[in-house]
Every structure is written in structure tokens, then in C-alpha cells.
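Here is a friendly look at two spots in a protein model: a histidine in a loop, and a short helix with its surroundings. Please have your viewer ready.

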Amino acid sequence: MINPAKITTVLPDSIAAEIGFEAGDAIISINGQQPRDLIDYQFLCADEFLELEVLDTQGKTHKIEIEKDYDQNLGLEFQSALFDRLIQCNNRCPFCFIDQQPPGKRETLYLKDDDYRLSFLYGSYLTLTNLSPKEWDRIAQMRLSPLYVSVHATEPEIRIKLLKNNRAGQILDQLKWFKKNRLQIHAQVVVCPGMNDGKHLEKTILDLAQFHRGRIPTVASVAVVPVGLTRFRPNQDELIPVTPEKAQEIITQVQSLQQKFQQELGSTCVWIADELFLIAGAELPPESHYQDYPQIGNGVGSIRKFIKEFEQTVKDYPIQSCSTPRQFTWVVGNAVEKAFQPLVKSLNEISGLTVNLVALASQYWGQEITVTGLLTGQDLRQKLTGKILGDGILLPSVMLKQGEAIFLDDMTVAELAEQLQIPIFPVSNVQELLSTAMGD
């Protein structure tokens, strides 16, 4: 069922604001068609002449005619990108993070989507195992490219074993479909030791590289990512974590293939997630290695990019001293502790500013090495209680639900601040980090 597209925000100085749209109104149809998602809405609203059927907050229906420039935005934001049902995942991957969470948390943490629309709009990964012929046709007709695809293995029996879905073995035929329709994907391979590593990983990467050819390569990029495991996973013996030795083995294997691809294809093609270098205790590649960061959303080059942004922002920052002494605790996952030490040193060279880096592993998830985004409120409370924390905690907002001050364990920032008796300052980028620390 398609629901009316409920409006949450009317942007100021927009066409919608001028007409008088309000948050809570909902769009039923555009030029006689009911949009099923944000993709339909954007496509239908590109026209110069629009007739909208709108349901207002009082339950009354209105017809509104709009004349505008082609492709001009109306200035509306919606409660959800999907106005119909979410396409859910029917795979049973043993490494799925959704299944590795404790019960009883907020409902949205347990939604297992495999929706191509969210992949196109936001870069979330899908497996292609849940698409009906109608959806395949829509992808081709609307040129929904690139999509982000969890491949994991190209050998049918290996991928079927990983996804626990007999349709998972069709991946190479699906890639041929993308090539035929001149559409692109970005691929990821989550390496599970003993299942898709070694010769299977090499086979997968070589198969994907065959689609990385031509002016518009079908496979635009490949990311190799370590499996992430928590103590809540249902089948404890089915998967084993990536050890430092295994991480180094994967790095060596993939770097050899990268050299091959550079010579044969003129492109790196396959990229290694930062997390593998961190697990191995190895140096990250130089910034030049990452080209245009095609897999930044998968943690490929994100640390190098952050370091570059940090160095440039500190260099250009107008104030090089604090008017009054200030001291902060900067909390991160212990995976980035080594990489962030030079940044802390740079901050502490600012006169009057002291920043102490606290790098934590997550006991909540049962991990020895933890990326920052997986730290929970309980982890911080357990490790920081009774510590001298200075004037406040600098908290990377990647730990929080987007748009809300709540951790993965459902603890809120306000609750943690009250329990630690210290102000907590979520920061989403280098500029916010510096301005908060400096008191601007």
C-alpha cells in the first residue's frame, strides 16, 4: 500500500513555503500519479507544470497547481524516503549486524532492509536477492545507478552458504544484467575467515575486476571489509573474527591484486577498508592512494580524509590560543588510537588547550578492537565513571543515531551526561571539534 508522502520540513524561501505548505501536510498525488518513494517524487516534480493533491493536517484534501522552472525543487522534506513498504531482507547471513544485537532495543535497530531505493538514494548495501522482475525493470527504466551491492563471493556455492539463500548464486548473471543495461554498482566483500577468504577472495576479486572495464565500468569499485562480530551473535562457532595475522594476510593478498589492476586496467579497482589496516597494526596508505574516495562510505580512506581535513582546518583556524584554559576528553574507538595520536599532539600545541584522547574497546559488543561508531553509552559510562574528564567530553556524532542524541544501546547523551556529571558535546566534523574545544 502506498501512503501519502508526509511532509516534515518546509524549507524557507522555497516554492512550498510561498504556497503555504506546513509540516504535517501530505502529498497524495502529483499529476495524477501517486509517488511510491522519494525517487518518484523527484522524477514527477521535475516538470514545469504540477497538479498536486494534498492532504492537510485537518484531514481536508486540496488541489494545488504549480508553475515553475524545470527541475526546480519545491523545498519539501519527508518523514521517510519510502511511501510504501520497505523491501526487507530474506537472507540469513551469519554476520548480519542486525542479528548480532541484544533483544529489547528500539524497533528500528531490527529492520533488515534490502531495498534498492535506499541503496540508490543513500548508498546502503543490498544483496539483489529480494528483487521482483518489476523492480528490476524499474531500475533499468529509471536508470537507478550506481547501486551498492554486497557481493561477498562470486562462486555460487560460497555465496549461497554465506547468505543462506539459493538465489544468492545468481550474482554473476546479475552483474551481466547491469553491464547489458549500462548501469553501475559499487561492490563490497565482507571477509569471513574460513568461508570466503584465501583462494575464494582472490576468485571473487578477479571476477569483479572483469566488470571494471570500458568507459563506464559495470563494477565501479570494490571494497574489502573485515567481518564484524559481537558477543550477541546467535551461532558463536559459525564465524571467527579477523585476527591481526589474518588482516595482514588479506592486505598482502589484495595489494598484490591492486598492482596487477593498475598495470592492466589503469585503476586500483579494489580497495582495502581502513579497519583491516587498524586490526593488523599496519600503516595506512598515503592519501594519494584513494583517488576520489569511491568507497568512503565503507570506511575506505575515511581516516586519511579526516586527518587531511584536520590538518588543513587547524592550519587555517583563526585563533591559535584559548582566552582561558580549557581541558577536554576526546572519546574514540581504540581502532583509531594510533592514527589519532598526532592529531591530539597538534591540539595540545594550542596555548591554553588540553585534550586527552580516550580510546575504548566495546565491552558491550564484546570486541577487542572497536571502531568509533560502535561505542555505546554503556561503554563510555563503564570506562569514564570516576575519571577526571575536564570541562567536557568531545563525542564523535558517528556514535549516535542520525538526527538524535541516542547511542546504539538506547542510552541518550543526556542520560550519560547526568550519570557522569559532565557536559557532553557531540561533534560531527573537524570544524565542530575545534570550535567546541576553543569555546567559540
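A polar contact here is a pair of N or O atoms within 3.5 Å; within protein, one must be able to donate a hydrogen and the other to accept it, and residues adjacent in sequence count only if both atoms are side-chain atoms. The side chain of His 212 has these partners:

| Partner atom | Distance to the His 212 side chain |
|---|---|
| Val 219 backbone oxygen | 2.7 Å |
| Ala 220 backbone oxygen | 3.5 Å |

This is a predicted model, where local features need pLDDT of at least 70, side-chain atom pairs count only at pLDDT 80 or more, and totals for chains, interfaces and linings use all residues. Residues are numbered from 1 along each chain as its sequence is written, and side-chain values use heavy atoms, with hydrogens and water left out.

His 212 sits in the loop that runs between helix H7 (199-209) and strand E8 (219-226); helices (H or I, at least four residues) and strands (E, at least two) are DSSP runs, numbered from the N terminus. Its relative accessibility is 9%, so His 212 counts as buried (under 20% relative accessible area, with exposed over 50% and partly exposed in between; 1.4 Å probe, protein chains only). Beyond neighbours within four places in sequence, His 212 is in contact (heavy atoms within 4.5 Å) with residues including Leu 265, Ser 267 and Cys 269.

Now to helix H13 (residues 413-420), whose buried residues are Val 413, Leu 416, Ala 417 and Leu 420. They lie on the same side of H13, because they cover an arc of only 100 degrees around the axis, taken from the directions from the helix axis to the C-beta atoms. Ala 414 and Glu 418, on the other side of H13, are exposed. The buried residues of H13 pack against helix H12 (377-384), strand E12 (393-396) and strand E13 (424-427). Just after H13, Gln 421 has a positive phi of about 55 degrees.
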